[in-house]
Structure formats: structure tokens, C-alpha cells
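Q: I have not looked at this one before. Can you walk me through it?

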Amino acid sequence: MPFGTLKGFGVTLKHIFRQPITQQYPEYKRPVYPRFRGRHRLNRHENGLEKCVGCSLCAAACPSDCIRVVAAENTAEHRVSAGERYARIYEINLSRCIFCGYCELACPFDAITLGNEFELSEYSRDDLIYTKDMLLAEPIKRVPVQDSDLYDTPIPAYKSSS
Amino acid sequence: MSDLVKLTIDDREVEVAKGTGLVETAAAAGIEIPVFCYEPRLGPAVGACRMCLVEVEGMPKLQAGCTLTAQDGMVVHTASTSARAAEGQKGTLEFILVNHPLDCPVCDKGGECPLQDLTFRYGPGSTRMTFPKLTFDKPIPVSPLIALDRERCILCYRCTRFSSDVAEDEQLIARNRGAYSMIATFGDEPYRAPFSGNVIELCPVGALTSTQYRFEARPWEIQDVPTVCGLCPAGCNIRATTREGLVKRVQSRNHPEVDGGWLCDKGRFTFPHLRSDDRVREPLVRGTVGLEPVSWDAALDRAEELLRGAQGKIVTALSGSETTEIAYGLGVLLRRGLGAHSAVLDESTSAALDACRAPLSTIGAAELVVVVGDDEVVDRAPIVDLWLRKARRAGAEIVTIGARGSVPAPVGGAAEALRDLAAADSELGGRLRASDRAILVWSGSGGGGGARLAEAAHALGFEGKPGCAVFHLPARANARGVAEAWAAAADADEADPEPIGLLVVSGDEAAGDPSVRALAERASTVIAITMFHSLAVGWADLVLPATASLEREGTAMNLEGRVQRLRRAVTPPVPDELAWLSKLAERFGVALSPHAAVVFEELSGRIYGGLLLEQLGEHAGLPARRPYEAPEPTPLAHSPEANVPEDHFVGTLRLLRYTPLFSGHQVERVPELQFQRPEREVALSTVDADRRGIATGDLVSLRSNGTSVELRARVDARLVEGVARLADEHAAHLHADVEVVKA
Ligand code: SF4
Ligand code: SF4
Ligand code: FES
């Protein structure tokens, strides 16, 4: 009986001198996998025009119905995207998004892609509705990404280690 | 039976009536033959697109299925059983797509596009073309309402066929040849015609699109609400497309007996008036500095006070555009609650017409149509004009009797003309009597319209002949329903109070009517129920906001006597009329439900013989004819038009006002429709113009009693002598007799 108790203390004692496996988030941010699906981004062409043409295909593909696109027509004076049409309003309700990435698959212009950022908590639900300006801008919080070479091998890193 | 043919399609035996098209025959057997250009409503098939290729045994080459009719013993293979047909269709689609841009994501048709759907099902998976596609300037505004993208056009000629063979406006044409063929308007003028919008719905690709709907919504983001157009008495069946609580477009819902799948541009394009800036969004009470917004409670208090104060001296001006339920609700409140039985409704329909009613589509099959009255049919009930054109194409004779008729008649002479027709010695009357497919239409105001028409039809023996019918075209959408509902709300007789203590003005048409305004001068207080500020200012003591027909639940009766159901497409920005009427009714101790369906149940028991809402269905049927009951005679002298000045000297002409199709409070508030508004011109007969040395295009001045209006003159060879015809909105304050001089 006392031996059993001592054995338990022994385990505890042993772990005191080990490296902890807990990571000190948020001071330390563990890199995510390269194909991790986080917060969306809207992309631009090199010439600065938006790639999105406001076709709503992403909204159609979205299983949780959290994208809202309202389109408008480009004019010579006010050209936003390359085609005739652009997204005047583009909103994603990130409190409903399930990060499935279907929008990215549906988009015919690679205008929307899912980035790596997962730090999306807010004090109010309303703040989780990301508008077009927010999605076009570089994310404020950056998330480190694993070296993609590690995963682009016959035996990717997550199979050999973890 | 001998007029049935038996044939085999895809190893399936089908039996259809002789003369059935192959596409319909296949559909009857549950087999699809894909089509682009084929549209039976546009007349005979043209075989332009070759999408419908099928293999017919015994014929060496693939055949365009849409051009074939079912023959006895025919053996047909469609793409599903014939590799050759499948290959042919695939090739056809490849050819169609050679120059078709792949801009589906930006195209408004994307998602509801037959070309997308059929390519997906019958076409090649990828393209073999490596050269650049043909490009054109785009989009081209065919009119302020329609945008044309020539790159997307597949040259099926549906639009040009509609323009030349259905609406007969001959404005859309195909220009050039081969790959450079393009759709254009004649001389690149804007496509200005009453039915232009139908080409948008006909176009099987996104080549003709609506500018109002441009980039507004995609098919998976919308809800379609089936309802009925409330802008003219034809009551075309429509589908209102809504997104995020706003109406985005209006399309036809094809009731084959009423509209045949067509709509006029007024019905199709006026919905933006729902969000007009000057819409009344809260009750207004006249205060020290004009109209001031008040709460609904305060408004109802004020209404109660005004109603109680004027008890026994209330007159109601009805518009005829209310739903039957609203009219009944008003009747219950004012007649049952307050004993105010006096109403004005400037319509002359009659229930006796029901003895000779028939669907509007009977016109299309007629052999003789007589239209009496001074107004153009297209201005009153545009869809009827399309039926008349259809009848004429099928060989019918159309006789018009009126100020612009093929048989000229003096202004306001419609009633007399009808009496003459019914007389035993009339040649035309004799033919009407003898024919099994004769139609009488009354297109004009006053003169006891409906009753006279019903009498004439009775005298001509129309009741026994199902192919013969009469149609009275009222000015307002639900004139029949409103009149009947008001009458059904109480039993007491009407009596005109003098002086008028309170005038209740129901609806925008009444509020804009000069005769109602004149009545208001004699009333000490006015309650106006209207949608727009500009109709409310200056005369109302209390303004209650109204709703539009697209925002209403309820029913309406069209000119045939068909009861059709209106559905609320979008929630109005204000409580609807029944909601506050029921609250007011409570204060006067009468029961009125705020729900249109319950009100319908009550009134249906009184006027429709217990018809149920469910019985109306999606496409309401036309009730059977009712036995003829002689209408109450209205003396001819009752109508002001009957007093035509016999001999006019040079200088004075009789003013013939008409209300053009593109006019009214709704149209005024839609910027895209402004180009359809009538020109500022006055029509004069050739004789009168010559006498004054006036030619078409001259500036003339119309004078009467101190007011004058300047307009362009147009010499109208069809117009009778002694008349100056101009649109209501340009006539301003002119009196009945005008002097016309060159300015
Ligand atoms: S990731 Fe999925 S759920 Fe989220 S917006 Fe895209 S499609 Fe919708
Ligand atoms: S992000 Fe892509 S799919 Fe979504 S609206 Fe824009 S272009 Fe269309
Ligand atoms: S549908 Fe038959 S040729 Fe176009």
C-alpha cells in the first residue's frame, strides 16, 4: 500500500525533470500545416484589380450559407474587377463557417482562398461578419506555417513523426 | 379513332392526335427532345438551331425534330437510343459554342440558362477550339430596359420572331449574314414597344437581359412568388422574383387562357415604384406646418374622430385597384359601422357580362371581332391586343368602331354603335349573329359600358354559343371585384350626402383623379389612403399609407370575371390596409378580420357562392356562364361624351383624352420606363389638319377657357374629324372644346 503511493510520487518526480509538451500559446504559436484551412482571403490580380467578379458561386457552394454577395457593374470610371461585374458587397459570417473550403473549390477565378489564420475570436458575433475590405486586407494576426517541403515527400512528416 | 396517330419514339409506343409536333409527342411519352429555337407560341418552327436532331427510320439524314409532326408508323430515335443523333447534337453544341463566350459567372442567365443545361447534358466536355472567339461591343442597350450581348447570341431568332410575328412591332431584326449575323433594332433606334420585355424571357441564352435585373441576383439566391399583375384589368399571371426582401424582376407565369405567357412592359418593369423615394411610410396628419408624421395609434384616433364627426355625411372614392378584400373591408367599416353608403367608382362594368363570358384565349380562335370604343385596346388591357393580333393572323376580321376605328364613329358613340349592331337591319350585326366565333370588345370609358355590352351580346344571341364572348375593358385592375365587394358589404341603398362631411379617398388612382379632387373641394375633411407623398400633400387631413398589389394578399377579379389570387411578394414597409381597417372596425363595433383569407371566406359566401381560396389554385379557372339578367338601364345622356357638338366650326375641336399604357403613378416613378412615355403631341384628323395648314411635327397650341398647351401635331389618318386626341397627362386643365392653332 505505501509502496503504491510512493510509486505514484515516483512518476510525478520523473516528469518534473522532463521537457514539458504543453505549448505556451499565445506566446508561442505552433506552426499549422500548409494546407490548413483558416480565415478566408480575397485575392487581387497583379494590376490591383479584384479577382472576384461577384458571381455568387461560392455562396451557392457554401453548405452553411454564410456568404453573401451583392454584385454591381464596373464602369470605366469605377473599375473594381476585370469583367463586367464585381462584388459590391462580399460578406462571410465566420461564426457560421465550417471551414470546408467549398467556396475555394467553387470559385472560377481563384478569387477566394482559405488562409491559415485561425485566431478569430471576438467579443461580439457581429464582429465575426467579415466584410470585403477585411477579406481583401492582409490579416492582422499572422500564423506560422510548417515548411511545406516536410509534407511534400513520399512519407510526409505527419506520418513519420507527430 | 382516325385522328390519332401511333408512332414509336425510343422504342416506346405513343399515340397522339394527328398534327401534334414531334417535340410534344416525345414529351407526352416522357422523352425529351432538347430545343433552343423551337417555341410554338411564336408560330411555325424555323429549325434554326439544330439542337433537336433526331434519327427517323427511313430518312437518310438526321432530322430537326421540331420541324416534324407525328406521322402514323414513324420510328424515331432520340439521342438516348441513337448514337448518330447523340453525335449530331454534340456537334451542334460544339458549333454553337465556337463563338459563345464562357462568361457564365458574370452572365445573368447563368444558373437558369438552357444553353448551360443542355451543354452539360448533351454537349462535349471540353473545347477543341484554340483560336480567339469572335467579339462584339457589349453590352448594347437595345432600349433603356434591355441589354444585348451579341457574343452570347446563338441566333435562334426567337426575339425577332416575337417582334415580327407576335407583337408585330417589327423592330428587332437580324442584320448581316453567317458568323457576323447579329440582332439589332431597325436603324439602331431604341426598341420602343409595349411588349418588348418578352424577348428577355424568350432568349435561351444571356444575350438579351433586363437592365433592371442586371447583376441583381443569381437563380439560387431568389424566391419566386406566384401572383397576379395588378396594373390592368387583364390580370396576367406573374411571378415576382425577390431577393433579400426586394422585388428584383417580374416574369410571366403563363396562364394559357389569360395571357398566353406574355406580359406587357408596364406589368414587367414597373415594380421599382415599390421603393420610390416619396413613398408614404407612416401615417401623416395635417398640422400647423403641413403634413406631420404621427404614430399609428394617434393616426387611428384621428381617423376615428374624423369618421365620428362626419357620421352620415361620408363619401368614399374607390380606385378600383384595391383587392376585393380591401374594398370589402372598407365597405364593412364605412357602410356597416358608420352607415356611409355613398361611394364613387368611375367604372361601368356590369355583372350581366357573366352571361357571355369566356377565356381571353377565345379571341385568338375567333373569326370576327368587333371592338367598340374610343380607347386603343393596348392602352386599357394590353394583353387583349396580343390576342386580337393572334386572331387577325389566323384570318379573323377585326372591325373597330370608334374615334380611330376602321368604322369611324363620333367620340362617345360606342353605346349607339352597339345599339345599331344589335338592330335587326345591321349587316355587321347579322354576321355577328350568324357566327359561332364572334367577339365583342368594349374599349372605352363611360356610356354605361358593361351593361350596354351585355345587352348587345344578349340581343345577338351570344349566350348559347361558347365560341362567342364579350369583354368589357375597365380602366382599373379590379374594377369588377371592388364594385361587387363594396355592394356586398351592406344591404342599404346608396344616397349622396350633401354637404360632404368627410371624403375617404382609397388608393392612388382615386387620389390622382381630377374629379375626386373636385369632390374634395366640397368636402370639409379628407382622409387619403395613398402610397405617395405627392398625391397626399395639399388636400388630406389624414394620410394613411397604402400598399401596392405586389405587397398584398387577397384576390382580384379580372375583366373576364375570373377570380385570381394575389400573393404577397415582399413585406410592405407599412402595415397593410386590412390590418388597420380591422383595428378601426373594432372601434365602431363591427367585426373584420385582418387576414385576407378570412375576409375572402366571408365575402365569397356573399358574392362568389362560397368559392374557396384553394379552388383558385395556381392558375384560376373561369367560372361557368351565369344566366342573363337584364342590367339596369342607364340613360345614354348620363355619359358626358354623348353630348358631342354636332357642327364644329373651324377653330373648335372636341378634346379626346386618353390614358396611355405607359402612364400613371407607378410608371412615373420608374426611370427606365420614361422613354416609353407618350410624346408630347396631339393627333388631328387629316381634314382638320389641312384646314388649319398643320402638318405632322408642327408646333401647335391648344387653347380653351384661358388655358393653353403647346405640343407637336401629328396627323392621324384614322382619326375622325372634329377631334383633337391627346394623352391625359398632357391635357392638363384643358376643357372639352379646344381651339387648335399653329404656334
Ligand atoms: S469554407 Fe465552407 S462553410 Fe466556410 S464559407 Fe467556404 S464554403 Fe462556406
Ligand atoms: S469569390 Fe469567386 S466564386 Fe465567389 S463571387 Fe467572387 S468570383 Fe464568384
Ligand atoms: S429546336 Fe429544332 S432547330 Fe432549334
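A: Domain bounds here come from an automatic or database domain assignment. For chain B that assignment gives domain 1 (4-98), domain 2 (129-275), domain 3 (284-347 + 479-616), domain 4 (351-472) and domain 5 (645-742).

Q: What kind of model is this, and how are things numbered?
A: It is a predicted model, where local features need pLDDT of at least 70 and side-chain atom pairs count only at pLDDT 80 or more, while totals for chains, interfaces and linings use all residues. Residues are numbered from 1 along each chain as its sequence is written, and chains are lettered from A and ligands numbered from 1 in the order in which they are written.

Q: OK, how many helices and strands does chain B have?
A: Chain B has 24 helices and 33 strands. These are DSSP runs numbered from the N terminus, with at least four residues for a helix (H or I) and at least two for a strand (E).

Q: What about the radius of gyration of chain B?
A: Chain B has 28 Å, which agrees with the value near 27 Å for a compact globule of 743 residues. The radius is taken over C-alpha atoms, and the globule rule is 2.2 Å times the number of residues to the power 0.38. Along the principal axes, the C-alpha atoms of chain B fill a box of roughly 85 × 60 × 60 Å.

Q: Back to the domains: how many residues are in the contact of domains 2 and 3 of chain B?
A: Taken over C-alpha atoms, the centres of domain 2 and domain 3 of chain B are 36 Å apart. Domain 2 of chain B gives 15 residues to the contact and domain 3 of chain B gives 17. Two residues are in contact if their C-beta atoms, placed from the backbone, lie within 7 Å.

Q: Which element has the largest share on the domain 2 side?
A: Strand 11 of chain B, with four residues. By class, that side of domain 2 of chain B has 10 nonpolar, five polar and no charged residues. Ala, Val, Leu, Ile, Met, Phe, Trp, Tyr, Cys and Pro count as nonpolar, Asp, Glu, Lys and Arg as charged, and the others, Gly among them, as polar.

Q: And where chain A touches chain B?
A: There, 13 residues of chain A are in contact with eight residues of chain B. Helix 2 (57-61) and strand 2 (67-73) of chain A each supply at least two residues of the chain A side. That side divides into eight nonpolar, two polar and three charged residues.

Q: Last one: which residues are closest to ligand 1?
A: The closest are A:Cys62, A:Cys97, A:Cys100, A:Tyr102 and A:Cys103, out of 14 that surround ligand 1. A residue is near a molecule if its C-beta atom, placed from the backbone, lies within 6 Å of it. The shell around ligand 1 has 12 nonpolar, two polar and no charged residues.
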